[in-house]
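I opened the file to look up one side chain and two helix pairs. My notes are below.

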Amino acid sequence: MTAGQTTAPALPTLEELQHWTWVMGRAQQMMMEAALLPPPEGVPVVPGFNDPATMGRVRDFWSDSMALWQRFVDPAAEPSQAPKPDRRFKAEQWQSPLFDWIRQSYQMVSDHMLRGVDALEGVEPKQKEQIRFAAQGFIDAMSPTNFPATNPEVLDKIVETRGENLLKGLQNMLADMGRGQLTHSDSTAFEVGRNLAATPGKVVKRTDLYELIHYTPTTEQVAAVPIVIFPPWINRFYILDLAPEKSLIKWLVDQGFSVFMVSWKSADATMKDVIWDDYVTAQVDAIDTVRDLLAIESVHTVGYCVAGTTLAATLAWLTAKGEAAKVASATFFTAQVDFSKAGELLHFVDDEQLKLIGTLSPEGYLDGRYLAMTFNLLRGRDLIWNYVTNNYLLGRDYVPFDLLHWNGDVTNLPAKWHLSYLTDLYRDNRLVKPGAMAVAGVPLDLTKVATPAYVQAGREDHIAPAESVWKITEAFTGPLRFVLAGSGHIAGVVNPPAAGKYQYWTNDAPAATLQEFVQGARETKGSWWPDWAAWLRDRDDRTVAATDARIPGEGALPALENAPGRYVKQR
């Protein structure tokens, strides 16, 4: 051997493996014996140290660890367990003995960590949920797929590309750091107005808060009662107008509906004093604008997510003022009015976090990237670590995906409104308390709302859980149809009939709870959009010629510019 050379470490012999197996077995035995004995008299019981209940969990951990070790050193005597369904480990490389052992070790430790959280005593349920959420986030972050040395796919890629995958991944990471946001899709593949938000129409009104888009009819006759859509202002409106084959707007227009869309302005310093009242009165203003333009008594309305919450307040406000007839029906896409079951977002609304949010908006608006990261954290495994592995470690190209492009096209929020929304609704749940909230001095009472309503929830929605959306049925007193759609907050809504995906459930029998609804529900394959269109026509099936004011810009409101307008493109 020449100077400076080193020898590779020798692999352990069978005798050495047997010795270490004996060491672990003896340690396991000692732990089991200790777990069976209570602390001596006079010695305090310390949870996690000498508490028999805690020691029992430690004993279980050692037992599972020993079984895993035995499977590794002697696979024939102790066959490997079938992998748990987890797409992070679907690659063939994870089936090799070493990496299969790494996978199983990670999954075992994860299971025991979560079981330990579930077994905590003397902790408030809400606090335990927060601890479990944090623990799951830590578990997802520590997955062996997230580190080059423990991910066989990355190791193979390093050899294949001679390390160039890491250079490309570093380039991707530095670009994301420069823009302050994780990239999910090829940003060069899409352009608003070209292959997104491309349904023909005109902007017919612009205020300091919103633009009103009137879409061009494609049928000779259109429904007499138009549809006015209020999208969430925490995102761009074109989630409902993605590629033409996915666009709800295009589908509605082709079905013979007159469609209007509100496009909210992304907040800037001029909107530092904007509050929730302004969004409610803006919805009323849009409703009145369409009524006056088409010389009609009422409109169908749609509220998606937070705009649906606001639509509920708008209905209560109109009802209190004796103007409920302005709205023929209200449709709610994954919207909440009672936030007692609002899911994992409740983990972000304690006093300390609200105080922190207040410091993030010195110019009077909250940068949309903060909110985007919050939503990504709710599904960190899919929306954060999946991209760390694929685009940073493996150095793969970003895949063009219109929905993920929209997801990264963030909007800013008025700081005063955002903080009061989290405080009044998520933390204090005031909207469902009659008279607890007011708009422009008018107290709100949802129990007085009798407007016909169509309520859509997503079975797998993690932002507005179905159980939370269901509570709208407990608040309103008018005729109501509840539909439970397959998938979640976005895919459950954006599900065109031509795709033939998912399913939805309906139940015409009275149901006091979501569980009762599900037990008696009828499943229908495919999209719920046709069911909704039929429901709208059941409210009013009159049609009129698609002429004069039904053509964008040819009525009392001249066209300001082509759809999708100006606000949707502002940063």
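The entries that follow cover an arginine and then two helix packings, all read from a predicted model.

Entry 1, the arginine.
I looked up Arg481 and found it in strand E13, which spans residues 480–485. Is Arg481 buried or exposed? I noted a relative accessible area of 19% for Arg481; the cut-off for buried is under 20%, so Arg481 counts as buried. I then checked for a polar partner: the side chain of Arg481 makes a polar contact with the side chain of Asp531 at 2.9 Å. Setting aside neighbours within four places in sequence, I listed the contacts of Arg481 as Ala453, Tyr454, Val455, Thr506, Asp508, Asp531 and Trp535.

Entry 2, helices H3 and H4.
I took H3 (residues 97–118) against H4 (residues 125–141) and found that their axes come within 9 Å and cross at roughly 170°. Angles over 145 degrees count as roughly antiparallel, so I put H3 and H4 down as that. On the H3 side I noted contact residues including Tyr106, Met113 and Leu114, and on the H4 side Ile131, Phe138 and Ile139 are among them. By class I recorded 8 nonpolar, 2 polar and 4 charged residues in the contact of H3 with H4.

Entry 3, helices H5 and H6.
How do H5 (residues 152–161) and H6 (residues 164–179) pack, and at what angle? I read an angle of about 110°, with the axes 7 Å apart. H5 and H6 are therefore roughly perpendicular to each other. Val154, Lys157, Ile158 and Thr161 of H5 meet Glu164, Asn165 and Leu166 of H6. I recorded this contact by class as 3 nonpolar, 2 polar and 2 charged residues.

Key:
Residues are numbered from 1 along each chain as its sequence is written. This is a predicted model: local features need pLDDT of at least 70, side-chain atom pairs count only at pLDDT 80 or more; totals for chains, interfaces and linings use all residues. Side-chain values use heavy atoms; hydrogens and water are left out. Helices (H or I, at least four residues) and strands (E, at least two) are DSSP runs, numbered from the N terminus. Buried means under 20% relative accessible area, exposed over 50%, partly exposed in between (1.4 Å probe, protein chains only). A polar contact is a pair of N or O atoms within 3.5 Å; within protein, one must be able to donate a hydrogen and the other to accept it, and residues adjacent in sequence count only if both atoms are side-chain atoms. Contact means heavy atoms within 4.5 Å. Axes are lines fitted to C-alpha atoms, for helices over the stretch in contact, and angles run from 0 to 180 degrees between N-to-C directions. Angles under 35 degrees count as roughly parallel, over 145 as roughly antiparallel, 65 to 115 as roughly perpendicular and the rest as oblique. Ala, Val, Leu, Ile, Met, Phe, Trp, Tyr, Cys and Pro count as nonpolar, Asp, Glu, Lys and Arg as charged, and the others, Gly among them, as polar.
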